[in-house]
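Work through the exercises below with the structure open. Try each task before reading its solution.

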Amino acid sequence: MPRPTRPAARRAAAVVLAAAAVSASAGCAVSPVVNQFSTELQYAPSDGVQAYFPLSETDADGPGTALLVRNLLLIGPEEDGPARLYGVLVNESLDEVSVEISGPGGLSGEVTVPARTSVPLGEQQTEDTGSQELPEGAEVSGDLLADPVGAVPGELVPVTMVLDGAVLEVETPLLNGSLPEYQTLVPTAAATTPGVAR
């Protein structure tokens, strides 16, 4: 069998090397199985935690829906002081839902979240932003203030949520005002304002 000439051998080697280079670079860029895209990773984008209540399952009519609990956290100044609950409830469904929330130190309230709406938790009034109004149809009763919270900043505090008999207990981080973004949200011992924006 005749051996390939040198120019032919060089061309064949160049083709093999080019194919290997393209394959290697493409594998790094577009293989979601080996190298998952960072935008597909599920994570908490803040210091709070995430949870959810499933409301409907995926079926022929479309994907399932849920009541999403986003960025849930407690903010208080010190050990055994008052701490307010913050976060957002997001209703993906076409029906209004009501959630009962309870925790230590008298933390208790009920939040009505209209269909396809998000409702912020926690007193939203600050010197910089003023008072943030609730979405139309949203309703809040009670106070989402734990006084005393019975924990030290840095610990997890159980907060219970009930929706149509389903119970969700969320281990919620307790933070203090050491970070600038939380300094205006720290309640005082005399805080008696409702636990949500009005």
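**Exercise 1: a charged patch**

Glu78 sits in the loop between β2 and β3 (83-91). Strands here are DSSP runs of E of at least two residues, numbered from the N terminus. The model is predicted: local features need pLDDT of at least 70, side-chain atom pairs count only at pLDDT 80 or more, and totals for chains, interfaces and linings use all residues. Residues are numbered from 1 along each chain as its sequence is written, and side-chain values use heavy atoms, with hydrogens and water left out.

Task: Which residues gather with Glu78 in a patch of negative charge on the surface?

Solution.
- Step 1. Check exposure. Glu78 is partly exposed, with a relative accessible area of 49%. Buried means under 20%, exposed over 50%, and partly exposed in between (1.4 Å probe, protein chains only).
- Step 2. Apply the patch rule. Members have over 30% relative accessible area and no salt bridge, and like charges are joined within 9 Å. A salt bridge puts a side-chain nitrogen of Lys or Arg within 4 Å of a carboxyl oxygen of Asp or Glu. Areas come from the Shrake-Rupley method with a 1.4 Å probe.
- Step 3. Place the charges. Asp and Glu count as negative; the charge is taken at CG of Asp or CD of Glu.
- Step 4. Name the members. Glu79, Asp80 and Glu155 join Glu78 in the patch.

**Exercise 2: pairing around β5**

Task: In which sense does β5 pair with β7? Which residue of β5 stands opposite Ile101?

Solution.
- Step 1. Strands pair if DSSP finds at least two bridges between them.
- Step 2. β4 (residues 97-102) and β5 (residues 108-113) are antiparallel over six bridges. Ile101 faces Gly109 in β5.
- Step 3. β5 also pairs with β7 (residues 139-143), antiparallel over five bridges. Here Gly109 stands opposite Gly142.
- Step 4. Inspect the hairpin of β4 and β5. Five residues lie between the strands, and Gly105 has a positive phi near 60°.

**Exercise 3: backbone exceptions**

Task: Where is Asn71, and what is its phi? Which residues does a cis peptide bond join?

Solution.
- Step 1. Recall the background. Most residues other than glycine have a negative phi, and most peptide bonds are trans.
- Step 2. Asn71 lies in β2 (residues 65-75). Its phi is positive, near 55°. Asn71 is partly exposed, at 24% relative accessible area.
- Step 3. Arg116 is not a glycine, yet has a positive phi of about 55°. Arg116 is in the loop between β5 and β6 (117-121). Arg116 is exposed, at 59%.
- Step 4. A cis bond links Asp147 and Pro148, with omega about 5°. Pro148 is in the loop between β8 (145-146) and β9 (156-163).

How values were computed
Helix = DSSP H or I, 4+ residues; strand = E, 2+ residues; numbered from the N terminus. Patch = residues over 30% accessible without salt bridge, like charges linked within 9 Å, V, L, I, M, F, W, Y side chains within 5 Å.
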